[in-house]
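Got the model open in your viewer? Here's a short tour: what to select next, and what you'll find there.

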Amino acid sequence: MKKLITLLFVGLISFSINAQDKVAKIEFKETTIDYGTIEKGADGLRIFEFTNTGDAPLIITKASSSCGCTVPTPPKDPIMPGQTGEIKVKYDTKRVMPIRKTITVLSNAETPTVALKIKGEVIDPSKSSVLDKKKTKSVMDI
């Protein structure tokens, strides 16, 4: 009887140690999205796709950006092993300027913090630069 109890105890401990070895892993398709040159007021929504390559459910606890002009929306539900998910990022394209922002993602993954980046430039086509006007004038003078 003592051997049976010892065997069950060892088996239970082995099972609990194996259960603790399971971990979620997050793998992004890409960690930087380049908007390129876009016009003021254009659609600023982009999507970061990822896969849980681990063997435990992946839970994204927080996604935040380096400024209020960029709003990330992480999935609310856990992403099961082998499944894919997405983090939507909406940039305010009413701001005419270069885009260089970082989105920080916190999760229960093996690497708990991941930095995603967006880049590009928002231009206002109705306002041409002085240089563009000079080029147009020079061509017309020829």
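Start with the salt bridges: this predicted model has three of them.

For stop one, select Glu49 and Lys29. Their side chains meet in a salt bridge, with N and O 3.0 Å apart. Now look at where each partner sits: Glu49 is in strand S3 and Lys29 is in the loop between S1 and S2, so this pair ties together parts that are 20 residues apart in sequence. Turn on the surface and you'll see that the two ends differ in label: Lys29 is exposed, at 68% relative accessible area, while Glu49 counts as partly exposed, at 36%.

Next, select Lys90 and Asp43. Here the closest N and O atoms are 3.8 Å apart, and the pair forms another salt bridge. Which parts of the chain does this pair link? Lys90 belongs to strand S6 and Asp43 to the loop between S2 and S3, distant parts of the chain that lie 47 residues apart. Lys90 is partly exposed, at 42% relative accessibility.

For the last salt bridge, pick Arg95 and Asp92, whose side chains come together at 3.3 Å, N to O. Is Asp92 buried, partly exposed or exposed? With a relative accessible area of 28%, Asp92 is partly exposed. Arg95 is partly exposed too, at 38%.

Now head inside. Select Phe48, Ile87 and Ile118: these have the most contacts within the largest nonpolar core, which has 23 residues. Colour the strands and you can see who contributes: S1 (26–28), S2 (32–39), S3 (45–52), S6 (84–91), S7 (98–107) and S8 (113–123) each supply at least two residues of this core. The largest share, four residues, comes from S8.

Stay on Ile118 and show what surrounds it. Skipping neighbours within four places in sequence, Ile118 is in contact with Ile33, Tyr35, Phe48, Thr70, Val89, Tyr91, Ile99, Arg100, Lys101 and Ile103. Phe48, from the trio you just selected, is on that list.

Finish at Val114, which is found in strand S8. Buried or exposed? Val114 is buried, because its relative accessible area is 15% and the cut-off for buried is under 20%. Again leaving out neighbours within four places in sequence, Val114 is in contact with Ile26, Phe28, Ile103, Thr104 and Val105. As a last click, draw a distance from the C-alpha of Val114 to that of Glu27: the two atoms are separated by 9.8 Å, although these residues are 87 apart along the chain.

Notes: Residues are numbered from 1 along each chain as its sequence is written. This is a predicted model: local features need pLDDT of at least 70, side-chain atom pairs count only at pLDDT 80 or more; totals for chains, interfaces and linings use all residues. Side-chain values use heavy atoms; hydrogens and water are left out. A nonpolar core is a set of buried Ala, Val, Leu, Ile, Met, Phe, Trp, Tyr and Cys residues joined through side-chain atoms within 4.5 Å. Buried means under 20% relative accessible area, exposed over 50%, partly exposed in between (1.4 Å probe, protein chains only). Contact means heavy atoms within 4.5 Å. A salt bridge is a side-chain nitrogen of Lys or Arg within 4 Å of a carboxyl oxygen of Asp or Glu.
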